[in-house]
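Open the model in your viewer and keep the sequence panel beside it. The stops below each give a selection and then what is found there.

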Amino acid sequence: MKPPASRVPYVSYDPTRHLLLTPQDDEAPARVARLRALGIGESPLPAFDEFARKLARTTRAPYSMVNFIDERRQYFAGLYTPDQDRAVELGPAPASAQPGRVMDRDHGYCPHVIVRRKALVLEDVCDYPRFAGNPVVDEIGIRSYLGAPLIDRTGMALGTVCVVDLEPRPWGREGLETIKSMAAELVEQIHSMEKQHSDVP
């Protein structure tokens, strides 16, 4: 079943460079249904904020997110920033949203990770024409990114875990293995949350 016309996934395209800047995400409607069944992805969770803090400390990155993506937006259910652990504005958000938790789907690199279904390492985003033109470069100053998908027991890519820096970072093989292992760790945590929820009478 196709989503209603008003919820067709937003895709940005740069005709001058023939680059698809935001990938088509055909799984988004099914992902939204799965996230709702799990009860995650629409509000912040202390456990996810704590996980983001742990991820930032492990990678020594200033910003870290647990990110869930629907047809139009990204929601940071887990967020760590260097600003005394308070959310900073990472992109345009509706007035009703909690500041710093919402970002448009055409901003950032997590939409690529969730469609690719594999980790993405950008030591300097400016080295890649497809990624250098992303709005987060000019609007926020992001220069490096490291992210991995959260693929659950159903095979669904639920979202991502990622870290970003405002300076180029040599993440290397160690960074790649770290982000992949921590994504797997969070998936197990989500499965445990699901089991606990299903065990509640």
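Buried means under 20% relative accessible area, exposed means over 50%, and partly exposed is in between, with a 1.4 Å probe and protein chains only. Residue numbers start from 1 along each chain as its sequence is written. The model is predicted, so to speak of a local feature takes pLDDT of at least 70 and to count a side-chain atom pair takes pLDDT 80 or more, while totals for chains, interfaces and linings use all residues, and side-chain values use heavy atoms, with hydrogens and water left out.

**Stop 1: two arginines in loops**

Select arginine 60. At 66% relative accessibility, arginine 60 is exposed. It sits in the loop between α2 (46–59) and β3. Helices here are DSSP runs of H or I with at least four residues, and strands are runs of E with at least two, numbered from the N terminus. The phi of arginine 60 is near 55°, a positive value in a residue other than glycine. Most residues other than glycine have a negative phi.

Now move to arginine 117, in the loop between α3 (110–116) and β6 (120–122). Its phi is also positive, near 60°. Is arginine 117 exposed or partly exposed? With a relative accessible area of 32%, arginine 117 is partly exposed.

**Stop 2: serine 64**

Select serine 64, which belongs to strand β3 (residues 63–69). Its relative accessible area is 0%, so serine 64 counts as buried. Show its polar contacts, meaning pairs of N or O atoms within 3.5 Å; within protein, one atom must be able to donate a hydrogen and the other to accept it, and residues adjacent in sequence count only if both atoms are side-chain atoms. The side chain of serine 64 reaches the backbone oxygen of alanine 52 at 3.1 Å. A polar atom of that side chain also lies 3.5 Å from the backbone oxygen of cysteine 162.

Next, show the residues in contact with serine 64, where contact means heavy atoms within 4.5 Å. Leaving out residues up to four places away in sequence, serine 64 touches Ala52, Leu55, Ala56, Gly78, Leu79, Tyr80, Cys162 and Val163.

**Stop 3: from β3 to β4 and β5**

Select β3 together with strand β4 (residues 73–80). Two strands pair if DSSP finds at least two bridges between them. β3 and β4 run antiparallel and are joined by 6 bridges. They form a hairpin with 3 residues between the strands. To see one bridge, pick phenylalanine 68, whose partner in β4 is tyrosine 75.

Tyrosine 75 also stands opposite valine 102 in β5. Strand β5 (residues 102–104) runs antiparallel to β4, with 3 bridges between them.

How many residues of β4 are buried? The count is 7 of the 8, so β4 is largely enclosed by the rest of the structure. Leucine 79 lies in β4 and, at 6% relative accessibility, is buried. Draw a distance from its C-alpha to that of tyrosine 63: the two residues are 16 apart along the chain, and the atoms are separated by 7.7 Å.

**Stop 4: β8 and its partners**

Select β8 (157–165). In this strand 9 of the 9 residues are buried, so β8 is largely enclosed by the rest of the structure. β3 and β8 run antiparallel, with 6 bridges; the partner of tyrosine 63 in β8 is valine 164.

Add strand β7 (residues 144–151), which is antiparallel to β8 and joined to it by 8 bridges. Alanine 148 has valine 161 as its bridge partner in β8. The hairpin of β7 and β8 has 5 residues between the strands, and there glycine 155 takes a positive phi near 90°.

**Stop 5: the cavity**

Turn on the cavity display. A cavity is a set of points, on a 1 Å grid over the protein atoms alone, where a 1.4 Å probe fits but cannot get out; lining residues have an atom within 4 Å of a point. Grid points are joined across faces, edges and corners, and a volume is the space filled by probe spheres set on the points. The whole structure has 1 cavity of 30 Å³ or more. The largest cavity has a volume of about 110 Å³. Of the 16 residues that line it, the closest to its centre are Met65, Met103, Gly108, Ile142 and Val164. β3, β4 and β8 each supply at least two residues of this lining.

Definitions and conventions: 1 Å grid on protein atoms, 1.4 Å probe; cavity = no way out; pocket = protein on both sides within 12 Å on 5 of 7 lines; lining within 4 Å.
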